[in-house]
Amino acid sequence: MIERGYNKKVRIDCNMRLKGLKQEDYDLMRKAGFRFILYGLESANQKTLDRINKNLAVEEIEKGVAMAKKAGLDPHITTMMGYPWETLEDAKRTIALSKKLFDRGYVDTLQATIVIPYPGTPLFRECQKNGWLTTLDWDKYDQRTAIMKSPLTEKDIKELTQGLYKSFMTPKYVWRRIIGIRSWDDIKFLFRAAGKLFGHLVDFSPKNKSEKTEHGCETC
């Protein structure tokens, strides 16, 4: 990309793992044209990361996103609520870590959803074995409805998912985004992000039981 000059013409977005790269690797990615980097953080609890085979230690999360941000990339994290083995305190730990990453300026955007065990996956088989599934109505397998039994109520899970989106909307974060505006495209991005954020908050409102809206996740 660099040798052929494509890095000056092409912008690359990609999914990434939170371990395995060094600072010089991230620096080279930025130079080669990479910008938006999506990390599947999923949870801030080691037992959950181990159980879903993330091959990741909690302490590696902050280090990975910090290196990406230092290189000039735009890190985005995905997180999930409603694991059948996580307690309220476990879920709050994920929110706290997400907020910490935003407060330190290591992460730019976030996607939060409810855990869904899709057919054919190890989690789905575990749900069948343990009797965790509450429905086989596939229309509800949309990451906005809790379909597994959990120590938490569906209201708890939706409020926690909302909490993830609210966790980064601090005055410090908003100010950082405003002073980072360099072009009209940046302004349009912020307006799109605000719209997406509002949509996600509606999606996971405990009062919203039947309405279904469509909101992408490329910005929030």
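Ala, Val, Leu, Ile, Met, Phe, Trp, Tyr, Cys and Pro count as nonpolar here, Asp, Glu, Lys and Arg as charged, and the others, Gly among them, as polar. Keep that sorting in mind for the first view, and remember throughout that this is a predicted model.

**View 1. The largest pocket holds about 500 Å³ of space.** Of the 20 residues lining this pocket, Ile52, Met80, Val115, Ile116 and Leu123 are the closest to its centre. Sort the lining by class and you get ten nonpolar, seven polar and three charged residues. Which elements chip in at least two lining residues each? They are E3, E4 and H5.

**View 2. Strand E3, residues 74–81, has a partner strand on each of two pairings: E2 and E4.** With E2 (residues 34–42), E3 pairs in the parallel sense over six bridges. With E4 (residues 109–114), E3 also runs parallel, and six bridges join the two. Thr78 is a handy place to look: Gly40 stands opposite Thr78 in E3, and Thr78 in turn stands opposite Gln111 in E4. To get from E3 to E4, the chain passes through helix H4 (residues 88–103), and this β-α-β crossover is right-handed. E3 is also mostly covered, with seven of its eight residues buried. If you're tracing side chains along a strand, here's a rule of thumb: in a regular strand they alternate between the two faces of the sheet.

**View 3. Ile114 sits in strand E4.** Is Ile114 buried or exposed? Its relative accessibility is 1%, so Ile114 counts as buried, the cut-off being under 20%. Now look across to Met80: the two residues are 34 apart along the chain, yet their C-alpha atoms are separated by 5.3 Å. Ile114 turns up again in the next two views, as part of a cavity lining and as a contact of Thr145.

**View 4. The structure holds one cavity of 30 Å³ or more.** How do you find empty space inside a model? Rolling a probe the size of a water molecule over the atoms shows where such space is left. The largest cavity has a volume of about 30 Å³. Around this cavity you'll find Gly82, Ile114, Val115, Ala146, Ile147, Met148 and Ile157. By class, that makes six nonpolar residues, one polar and no charged ones in the lining.

**View 5. Thr145 and Gln143 share a loop, the one between H5 and H6.** Helix H5 covers 122–130 and helix H6 covers 154–167. Thr145 has a relative accessible area of 17%, so it falls under the 20% cut-off and is buried. What does Thr145 touch, leaving aside its neighbours within four places in sequence? Its contacts are Ile114, Ile116, Lys140 and Glu154. Gln143, by comparison, is partly exposed, with a relative accessible area of 26%. Its backbone is worth a look too: phi of Gln143 is positive, near 70 degrees, and Gln143 is not a glycine.

**View 6. Asn53 lies in the loop between H2 and H3.** Like a few spots in this model, Asn53 has a positive phi, about 60 degrees, although it isn't a glycine. For background, most residues other than glycine have a negative phi. Asn53 counts as exposed because its relative accessibility is 63%, over the 50% cut-off.

**View 7. Helix H3, residues 58–70, has a set of buried residues.** Which ones are they? Ile61, Glu62, Gly64, Val65, Ala66, Met67 and Ala68. These buried residues pack against helix H1 (23–32), E2, helix H2 (46–51), E3 and H4. H3 is followed by Gly72, with a positive phi near 95 degrees.

**View 8. Helix H1 has Gln23, Tyr26, Met29 and Ala32 buried.** When you read those numbers, it helps to know that an α-helix has 3.6 residues a turn, so residues three or four places apart point the same way. What covers the buried residues of H1? The cover includes strand E1 (12–16), E2 and H3. Just after H1 comes Gly33, which takes a positive phi of about 115 degrees.

Notes: Residues are numbered from 1 along each chain as its sequence is written. This is a predicted model: local features need pLDDT of at least 70, side-chain atom pairs count only at pLDDT 80 or more; totals for chains, interfaces and linings use all residues. Side-chain values use heavy atoms; hydrogens and water are left out. Helices (H or I, at least four residues) and strands (E, at least two) are DSSP runs, numbered from the N terminus. Buried means under 20% relative accessible area, exposed over 50%, partly exposed in between (1.4 Å probe, protein chains only). Contact means heavy atoms within 4.5 Å. Two strands pair if DSSP finds at least two bridges between them. A crossover is right-handed if, with the strands pointing away from the viewer, the path from the first strand over the helix to the second runs clockwise. On a 1 Å grid over the protein atoms alone, a cavity is a set of points where a 1.4 Å probe fits but cannot get out, and a pocket is an open set with protein on both sides within 12 Å along at least five of seven lines; lining residues have an atom within 4 Å of a point. Grid points are joined across faces, edges and corners, and a volume is the space filled by probe spheres set on the points.
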